[in-house]
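Subject: Structure handover

Hi,

Here is the structure I promised to pass on. Have a look at it first, and then read my notes below.

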Amino acid sequence: MHITQLNRECLLCLFSFLDKDSRRSLSRTCSQLRDVFEDPTLWPLLHFHSLAELKKDNFRLSPALRSLSICWHSSRVQVCSIEDWLKSALQRSICSQHESLVNDFLLQVCNRCPNLTSVTLSGCGHVTDDCLARLLLSCPRLRTLRLENCARVTNRTLAAVAAHGRALQTLHVDFCRNVSAAGLLGLRAACPNLRLSAERSAAMIPDQPPRARVCAASAFSAAPGRQSVPHPTGSY
């Protein structure tokens with residue numbers, strides 16, 4: 001029996017065992033298999049392990065998407081996490097190659113995938129508060145949002161969760177250095193039933209413009225009898 005003699009249910013099952021590249025290669029063999037590749041029910045889950053994968057044409061976004069994961073563990077993540085005013089020309093050049101990739105991709109997700117229930121973003125140093133706020137507005141069924149080592153995420157994302165994350169049950173903002181203890185406590189007060197994790201976030205040094213950093217250091221040095229104040233730790 002030739003593969004094209006299988007019914008659609010069997011072909012969908014066959015495709016489900018293949019990775020994205022293999023699905024794409026098989027879809028190029030004939031129009032029938034191309035049609036199976038385009039079937040939204042084949043794409044309820046999408047996992048990406050590098051930003052380069054977001055630019056490929058080996059997947060489909062549709063209302064059938066339920067779970068999205070972008071976990072980038074490249075050495076370039078460290079470059080993206082450097083404060084903008086401290087980056088060298090070479091580091092800025094590296095960042096420029098992928099600065100808008102995740103944000104642009106998430107905007108497509110907002111437009112095409114309203115039924116998302118779970119999103120994980122790890123090492124996405126350029127994802128912004130505005131983009132995450134739009135995601136919360138566009139995907140009202142979102143129940144789980146996991147953010148890890150996302151340097152540009154701030155208390156504005158926490159405020160957006162409180163305002164728009166009506167279905168959200170779990171929020172992780174781990175190793176997000178610009179999330180503060182005050183923001184976490186405010187979110188806890190606004191959403192007492194939310195399962196909230198903030199591993200190390202409130203204990204990390206947040207970004208500050210150079211002038212603000214100098215002023216803060218001067219004020220601290222001038223304060224009489226100054227004492228170190230420990231960062232808050234533990235669950236929120």
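Let's start near the beginning of the chain. The end C-alpha atoms of residues 9-44 lie 16 Å apart, and this span is 64% helix and 0% strand. I picked that stretch since UniProt, in an unreviewed entry, lists residues 9-44 as "domain: F-box". Do keep in mind that what you are looking at is a predicted model.

Now for the sheet. It is an open one made of 6 strands, in the order β1-β2-β3-β4-β5-β6, and the pairing is parallel. At the edges sit β1 (45-48) and β6 (195-197), each of which pairs on one side only. From one strand to the next, the twist averages 5°.

If you want to trace the pairing by eye, try β3 and β4. Strand β3 covers residues 118-122 and strand β4 covers residues 144-148; the two run parallel and are joined by 5 bridges. For a landmark, find Leu121, whose bridge partner in β4 is Leu147. To get from β3 to β4 the chain passes through helix α7 (residues 129-138), and this β-α-β crossover is right-handed.

Moving along, β4 also pairs with strand β5 (residues 170-174), in the parallel sense and over 5 bridges. Here the pair to look for is Arg146 and, opposite it in β5, His172. Helix α8 (residues 155-164) comes between them in this unit: β4, α8 and β5 make a right-handed β-α-β unit. After that, β5 and β6 pair over 3 bridges, in the parallel sense. Thr170 has Arg195 as its bridge partner in β6.

Next, the helices. Helix α6 (residues 101-112) lies across β1, β2 (67-71) and β3, and runs at about 175° to β2.

How do α6 and α7 pack, at what angle and with their axes how far apart? The angle is about 15° and the axes are 9 Å apart. That makes the two helices, α6 and α7, roughly parallel. Their crossing is left-handed. On the α6 side the contact is made by Asn103, Leu106, Leu107, Val109, Cys110 and Asn111, and on the α7 side by Cys131, Arg134, Leu135 and Ser138.

On to α7 and α8. These axes cross at roughly 15° and come within 9 Å, so α7 and α8 are roughly parallel to each other. Is this crossing left-handed or right-handed? For α7 and α8 it is right-handed. If you'd like to see who touches whom, Asp129, Asp130, Leu132, Ala133, Leu136 and Leu137 of α7 meet Arg156, Thr157, Ala160, Val161 and His164 of α8.

One more helix pair and then I'm done. Helix α9 (residues 181-190) packs with α8 at an angle of about 5°, and their axes are 9 Å apart. Therefore α8 and α9 are roughly parallel to each other. From α8, the residues in this contact are Asn155, Leu158, Val161 and Ala162; from α9, they are Gly183, Leu184, Leu187 and Ala190. You may recognise Val161: it meets α7 residues and α9 residues too.

If you're short of time, I'd begin with the parallel sheet of 6 strands, then follow β3 through α7 to β4, and go on to the unit made by β4, α8 and β5.

Over to you, and enjoy exploring!

Cheers

Notes: Residues numbered from 1 in each chain as written. Predicted model: local features only at pLDDT ≥ 70, side-chain atom pairs only at ≥ 80, totals over all residues. Heavy atoms only, no water. Pairing = 2+ DSSP bridges. Helix = DSSP H or I, 4+ residues; strand = E, 2+ residues; numbered from the N terminus. Right-handed = clockwise from strand over helix to strand, strands pointing away. UniProt positions renumbered as here; feature names shortened; annotations may be inferred. Axes fitted to C-alpha atoms, helices over the stretch in contact; angles between N-to-C directions. Contact = heavy atoms within 4.5 Å. Parallel < 35°, antiparallel > 145°, perpendicular 65-115°, else oblique. Left-handed = near helix turned anticlockwise from the far one by under 90°.
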